[in-house]
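Subject: Structure for your review

Dear colleague,

Please find below the structure that I am handing over to you. My notes on it follow, with each term explained where it is introduced.

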Amino acid sequence: MVSASAPGKIILFGEHAVVYGRPAVAVPVTQVSATARIDPTPAGEGLALVATDLDRRVNLAQASPDDPLAVIVRETLAHLGQSPPDAVLTIRSTIPIAGGLGSGAAVSTAIARALAGFFGQRLSPAETSQLVYEVEKIHHGTPSGIDNTVIAYGQPVYFVREKTLETFSLGGAFPLLIADSGVPSPTREVVGAVREGWSGAPERYEELFDQVGEVVDRAREALEDGQVKAVGALMTRNQALLGEMGVSSPMLDELVAAALEAGALGAKLSGAGRGGNVIALVGPGTSQIVEDALIAAGARYVIPTVVE
Ligand code: PMV
């Protein structure tokens with residue numbers, strides 16, 4: 001038996017603008033994870049893919065060509081120069097689906113790592129990220145690549161599409177609450193809506209993306225210097241810009257307002273928006289109050305995490 005896992009992720013700053021070449025910062029979230037486990041079976045049985053949480057079981061040979069599980073398995077096997085083993089590959093995940101926490105990329109990463117481990121081979125973070133990116137294209141349409149990158153590297157990343165990939169260290173601990181709005185956030189659709197807005201008013205959107213880019217650069221410095229208050233203020237500023245892009249929603253606005261009123265140092269949506277998550281940065285002593293306020297404002301659940 002071989003098993004491997006991968007964490008969830010959140011985008012701290014720069015979603016959407018990152019699709020248009022501006023920087024973004026994302027961090028792994030280790031409180032949630034996806035795990036892939038491979039158990040050998042008798043010769044001739046082929047490779048069965050079992051997604052326990054989704055109640056799915058399919059044999060690789062019968063899987064449709066764009067089945068995300070089959071795609072990552074095929075891509076990885078081709079990369080490793082191996083044929084499908086006779087085995088059962090079981091996937092489990094505690095990462096909420098379509099919630100902006102990178103569930104798809106984490107599942108793919110865990111599968112790629114487990115397959116490499118099964119054959120006694122190793123994949124570098126860059127190789128893993130590239131393999132997972134192929135699957136992200138199915139989920140997202142035109143993904144920037146930030147999800148596969150932060151999850152495969154497992155470290156905070158400063159990312160500019162097709163240009164810059166820098167992992168960096170945080171200068172302090174940043175306690176965050178991740179609040180689920182309960183509304184699914186279909187990344188492909190929201191990215192498409194921004195594309196429409198941009199086509200209709202390119203100058204306005206380019207200006208918004210530039211402003212996001214400035215926020216991201218300042219945020220990276222504040223993260224590296226451990227300036228918690230400055231990071232919070234920049235999160236709230238980023239949220240305002242996301243609102244102007246049209247990717248917030250009354251529910252997300254309400255969650256952000258509730259967190260700030262309860263004493264959060266900053267709050268914003270994270271990921272594609274319209275639904276999905278709100279993240280709130282909390283100071284010592286305010287975590288429980290803000291968590292209660294988020295639940296009272298309608299959050300389905302809150303995951304406390306410390307990014308450090
Ligand atoms: O929904 P998520 O967390 O996978 O984030 C999407 C982030 C976008 O910037 C909106 C799209 C992208 O490909 O980067």
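**Helix α6 and the residue after it**

Helix α6 is followed by G226, whose phi is positive, near 70°. Helices here are DSSP runs of H or I with at least four residues, strands are DSSP runs of E with at least two, and both are numbered from the N terminus. The model is a predicted one, in which local features need pLDDT of at least 70 and side-chain atom pairs count only at pLDDT 80 or more, while totals for chains, interfaces and linings use all residues. Residues are numbered from 1 along each chain as its sequence is written, and side-chain values use heavy atoms, with hydrogens and water left out.

Helix α6 covers residues 202–225. The expected span of a helix is 1.5 Å times one less than its number of residues. For the 24 residues of α6 this gives 34 Å, and the end C-alpha atoms are 35 Å apart, which agrees. Among the buried residues of α6 are Y205, L208, V215, V216, A219 and L223. Buried means under 20% relative accessible area, exposed means over 50%, and partly exposed lies in between, computed with a 1.4 Å probe on protein chains only.

**The core, F13 and L89**

Which residues touch the most other members of the largest nonpolar core? They are F13, L89 and I111, in a core of 105 residues. A nonpolar core is a set of buried Ala, Val, Leu, Ile, Met, Phe, Trp, Tyr and Cys residues joined through side-chain atoms within 4.5 Å. In soluble globular proteins, nonpolar side chains tend to be buried together.

F13 lies in strand β1 (residues 2–13) and counts as buried, at 0% relative accessibility. Contact means heavy atoms within 4.5 Å. Leaving aside neighbours within four places in sequence, F13 is in contact with residues including V215, V216, A219 and L223, and these four are among the buried residues of α6. Another contact of F13 is A24; the two are eleven residues apart in sequence and 5.4 Å apart in space, C-alpha to C-alpha.

L89, with neighbours within four places in sequence again left aside, has contacts including L47, L49, I111 and L115. L49 also has a bridge partner, V58 in β4. Four bridges join β3 (residues 47–51) to β4 (residues 56–59), and these strands run antiparallel. Two strands pair if DSSP finds at least two bridges between them. β3 and β4 form a hairpin with four residues between them, and D55 in the turn has a positive phi of about 60°.

V27 is in strand β2 (residues 24–40) and is buried, at 0% relative accessibility. Not counting residues up to four places away in sequence, V27 touches residues including G8, I10, L12 and V307. The C-alpha atoms of V27 and F168 are 141 residues apart along the chain and separated by 9.9 Å.

**The four-stranded sheet**

An open sheet is formed by four strands in the order β9-β10-β8-β11, with antiparallel pairing. β9 and β11 (301–307) stand at the edges, each with a single partner strand, so one side of each is left without a neighbour in the sheet. β8 (residues 174–180) is joined to β10 by five bridges, and D180 stands opposite N277 in β10. Helix α7 packs on the sheet, touching β8, β9 and β10, and its direction makes about 45° with that of β9. Axes are lines fitted to C-alpha atoms, for helices over the stretch in contact, and angles run from 0 to 180 degrees between N-to-C directions.

The loop between β9 and β10 holds R274. Phi of R274 is near 65°, a positive value in a residue other than glycine, and R274 is partly exposed at 38% relative accessibility.

**Helix α8**

Which residues of α8 are buried? They are L252, L255, V256, A258 and A259. Seen down the axis of α8, these residues fall within an arc of 160°, so they line one face of the helix; the arc is that of the directions from the helix axis to the C-beta atoms. On the other side, P250 and E261 are exposed. The buried residues of α8 pack against α7 (228–245), β9 (266–270), β10 (277–281) and α9 (287–296). Just after α8, G263 takes a positive phi of about 110°.

Yours sincerely
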